[in-house]
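I opened my notebook to go through this chain piece by piece. Here is what I looked up, in the order I got to it.

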Amino acid sequence: TVTRCVRFLPDNRLVVANARRVYVLPPDGGPALFTLEGHPKQVNAVALTPDGTRLLTASHDGSIRTWEANTGAPARAFDWGVGPVTAVAFAPDGLTCAAAGLGGKVVLWDVDG
C-alpha cells in the first residue's frame, strides 16, 4: 500500500490516505480513531474545510466523498466525470470545492448545492 496524502486537523489529529482507506489518528500517534471507507480504488488526496469540520477524499475511482471530521460519518459523494481525481480543495468559504482529474480537467462546485 502507498500513502498518498497526510493532513493535520486543527486539533492535531492526523488524516492519512493509504490505498483505499483514510485513517484519522489521534495526536499521540496511537491506533486509528476511525477509518473512512468506501472508495473502491486508491485515495489520492484529502482536503478539509477551514474550520476542520468536514473532509473531502478524492479517488482514482473518479469520485469525491465528503465526511464529518469529528465522527467519520459519510455525507455526500460526487462524480463529475473528470476521470481519476488527483487533487481536491475547499475554498476559504468552506462551501466551494475544486477537484482536478488525471487528464487535466478541473471542476468547481458548491458542496452543499
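What percentage of the 113 residues in the chain do buried residues make up? I looked this up before anything else, keeping in mind that I have a predicted model here. Buried residues come to 42% of the 113.

**Entry: the whole chain**

I went for the secondary structure next. I found zero helices and eleven strands. Reading from the N terminus, I just wrote β-β-β-β-β-β-β-β-β-β-β in the margin.

Then I looked up the dimensions. Along the principal axes, the C-alpha atoms fill a box of roughly 40 × 30 × 20 Å. The radius of gyration is 13 Å, and a compact globule with 113 residues would have one near 13 Å, so the chain agrees with that rule.

I also checked the contacts between residues at least 6 apart in sequence, and 31% of those join residues at least 24 apart.

For the surface, I noted about 5,600 Å² exposed, with carbon and sulfur atoms supplying 55% of it. For the charges, I noted 10 positive and 10 negative side chains. The centres of these two sets lie 10 Å apart.

**Entry: the cysteines**

How many disulfides does the structure hold? I got zero. I wanted to know why, so I looked at C5: its sulfur is 15 Å from the closest cysteine sulfur, the one in C97, and that is too far for a bond. A disulfide needs the two sulfur atoms within 2.5 Å. From the other side, C97 is in no disulfide either, and its nearest cysteine sulfur is that of C5.

Are these cysteines buried or exposed? C5 is buried, with a relative accessible area of 8%. C97 is buried as well, at 1%. The cut-off I used for buried is under 20%.

**Entry: strand β2**

I picked two residues here, V15 and A17. V15 sits in strand β2, and so does A17, with the strand covering residues 14-18.

V15 has a relative accessible area of 1%, so I put it down as buried. Leaving out residues up to four places away in sequence, V15 touches a list of residues that includes C5, V6, V22, V46 and L55. I also looked up how far V15 is from A99: they are 84 residues apart along the chain, and their C-alpha atoms are separated by 19 Å.

A17 is buried at 0% relative accessibility. Among the residues A17 touches are V2, C5, V22, V43 and V46, again skipping neighbours up to four places away. I checked the pair A17 and V46 by distance too: they are 29 residues apart along the chain, with 7.2 Å between their C-alpha atoms.

**Entry: strand β3**

V22 had turned up in the contact list of V15 and in that of A17, so I followed it up. V22 lies in strand β3, residues 21-25. Is V22 buried or exposed? Buried, with a relative accessible area of 1%.

Beyond four places in sequence, V22 touches V15, V16, A17, F34, T35, L36, V43, V46 and T57. I looked at P40 as well: V22 and P40 are 18 residues apart in sequence, and their C-alpha atoms are 12 Å apart.

**Entry: two loop residues with positive phi**

Next I turned to the loops on each side of β2. N12 is in the loop between β1 (3-8) and β2, and A19 is in the loop between β2 and β3.

What is the phi of N12? It is positive, about 75°, although N12 is not a glycine. A19 is not a glycine either, and has a positive phi of about 60°. Both came out as partly exposed: N12 has a relative accessible area of 47%, and A19 has 22%.

**Entry: strand β10**

My last stop was A99, in strand β10 (residues 96-101). A99 is buried, with a relative accessible area of 2%.

Which residues does A99 touch, not counting those up to four places away in sequence? I wrote down I64, V85, A87, V88, K105, V106, V107 and W109. I took W109 for a distance check: A99 and W109 are ten residues apart in sequence, and 8.9 Å apart in space, C-alpha to C-alpha.

Technical notes. Residues numbered from 1 in each chain as written. Predicted model: local features only at pLDDT ≥ 70, side-chain atom pairs only at ≥ 80, totals over all residues. Heavy atoms only, no water. Buried < 20%, exposed > 50% of the residue type's maximum accessible area, 1.4 Å probe, protein only. Helix = DSSP H or I, 4+ residues; strand = E, 2+ residues; numbered from the N terminus. Rg over C-alpha atoms; globule rule 2.2 N^0.38 Å. Contact = heavy atoms within 4.5 Å. Areas by Shrake-Rupley, 256 points an atom, 1.4 Å probe, with all protein chains shown as cover. Lys, Arg positive; Asp, Glu negative; His and termini not counted. Charge placed at Lys NZ, Arg CZ, Asp CG, Glu CD.
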